[in-house]
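Reader: Hello! Could you walk me through a few features of the structure shown here?

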Amino acid sequence: MSSSCTPLITFISERFQSHAALPRSVRAMRIVSIAGLAVAVAALTVASAIGRGFEQSYTKALTGFNAHVVLMGTSSMDDVDELKRVLEELGAEKGRPLQGRVTGLSPFLYREGLALGKGRIFGVVIKGIDPKGFGAVSGARLRLTADVPTLAEPFQRKGRDAYPVIVGRSLAEKLGGPASFRLMIPGSEAEGASRHRLVEAVVVGTFASGMHDFDTQFLMMPMQAVRQLFGTDADAITGVEIDLDDPMDAGAMARAIEGAMGPPYQLITWDQLNSELLSAVRLERLLLLIVMSLMVVVAALNIIACLTLMTIRRYREVSIFKSLGIPDRVIGGLLVRAGLRIGLWGIAVGMAIGVAISLIIKYVDVVPLAPEIYLVDRLPIDISPMICGTLALFCLGVVWLSSQVAARKLVRAPIIEGLHR
């Protein structure tokens, strides 16, 4: 049509979509369509925020307590020097310092024992750490006692059979928050496995990693004390923790180091170390989004029903428009715009409700969780403008597609049928 008809088309469009000019049944159906879409969009927004929150919470805890890359297959402190040499060589080969991406190196020593407190026994993993390098590879939140202001201070021998320990906060609560407890240590290699010993563990601090399992199962001691307790070599280690400035570079770094060092050394990244947990979280998040997206699709079908009812109740007007020579694409455009107007209202209201619910859950502890099951003690939420924008575009696309399908079906009706009404 000519440009001179544009004002007429605009007038017809506004008249066709005017809420006051619509029949009462169509207005009711329109409100129901907006409400249904709003509920679906709100549910999708909250589900996306919760799924993303769990993934981010677990990732933060895993990369905070554990280093980004762990070098295994080591046996002594000489392997730490070998690792440093390899990092320097790799940096020289690539023309830039590869070690510039490494923010910390620290050896560690793992052993197992039993913690005895309040008449209960807990299996624990004893992690021997280097106080000087531990802070560079771990993001665990430490809370030391008042008489030990720095990490190096508490890691001094407390007596012949008294050793300083930093325990996970959940483990400390289960032990009753004691100043000390008994630690059962298996017999050393020289004494034989049957010669178990009880030593006093003096609590000089606690740590929180953000993961209930870590806070319940781990306690940390100076590496030299662990060697003495278990009768190992004076320079024995289990591995070397490597911290990077970007955890996402862990895979490339591990492959480069492993290729340079070769067997028996093995590099394990933080996501490989926890692959089952991360895979389960991502799968649950995907399934949750699929289910909630189907709710949006079902809600969008209400828009098709609303447009159909609108056309039936105003079939005579549509037929008059067509008899005046207004093309089907223009009439279809009127229906699509009517559907988009319903969709925009539903998306805006639903997004506002979803964001509000997400923020309430995030800042008000209204949904406590059992950390023994979910590994965290409160429902994690991660909501951002990017997430909201992506969801809004997806919902708008579903609404537009539904409106297009309805418009194409409705404009094909014969003119004569509408004029006889």
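**A helix, a threonine and some rings**

Author: Gladly! This is a predicted model. Just after helix α7, Gly231 takes a positive phi of about 65°.

Reader: Thanks! Is helix α7 largely enclosed or exposed, and how many of its residues are buried?

Author: Helix α7 covers residues 223–230, and its buried residues include Met223, Val226 and Phe230. Among the elements covering them are β2, β3 and β8. The helix is largely enclosed by the rest of the structure, because the number of buried residues is 6 of the 8.

Reader: Which backbone atom does the side chain of Thr238 reach?

Author: Thr238 is in the loop between α7 and β9. Its relative accessibility is 18%, under the 20% cut-off, so Thr238 counts as buried. Its contacts beyond four places in sequence include Phe108, Leu109, Tyr110 and Arg111. At 2.9 Å, its side chain reaches the backbone nitrogen of Tyr110.

Reader: Now the aromatics: are the rings of Phe65 and Phe218 stacked, tilted or edge-to-face?

Author: There are 7 aromatic pairs by the rule used here. For Phe65 and Phe218, the ring centres are 5.1 Å apart and the planes are at 70°, over the cut-off of 60, so the pair is edge-to-face.

Reader: Which parts does that pair tie together, and how far apart in sequence are they?

Author: Both rings belong to buried residues, Phe65 at 1% relative accessibility and Phe218 at 9%. Phe65 lies in helix α2 and Phe218 in strand β8, so the pair ties together parts whose separation in sequence is 153 residues.

Key: Residues are numbered from 1 along each chain as its sequence is written. This is a predicted model: local features need pLDDT of at least 70, side-chain atom pairs count only at pLDDT 80 or more; totals for chains, interfaces and linings use all residues. Side-chain values use heavy atoms; hydrogens and water are left out. Buried means under 20% relative accessible area, exposed over 50%, partly exposed in between (1.4 Å probe, protein chains only). Helices (H or I, at least four residues) and strands (E, at least two) are DSSP runs, numbered from the N terminus. Contact means heavy atoms within 4.5 Å. A polar contact is a pair of N or O atoms within 3.5 Å; within protein, one must be able to donate a hydrogen and the other to accept it, and residues adjacent in sequence count only if both atoms are side-chain atoms. Rings of Phe, Tyr and Trp (its six-membered ring) pair if their centres lie within 6.5 Å; planes under 30 degrees apart count as stacked, over 60 as edge-to-face and the rest as tilted.
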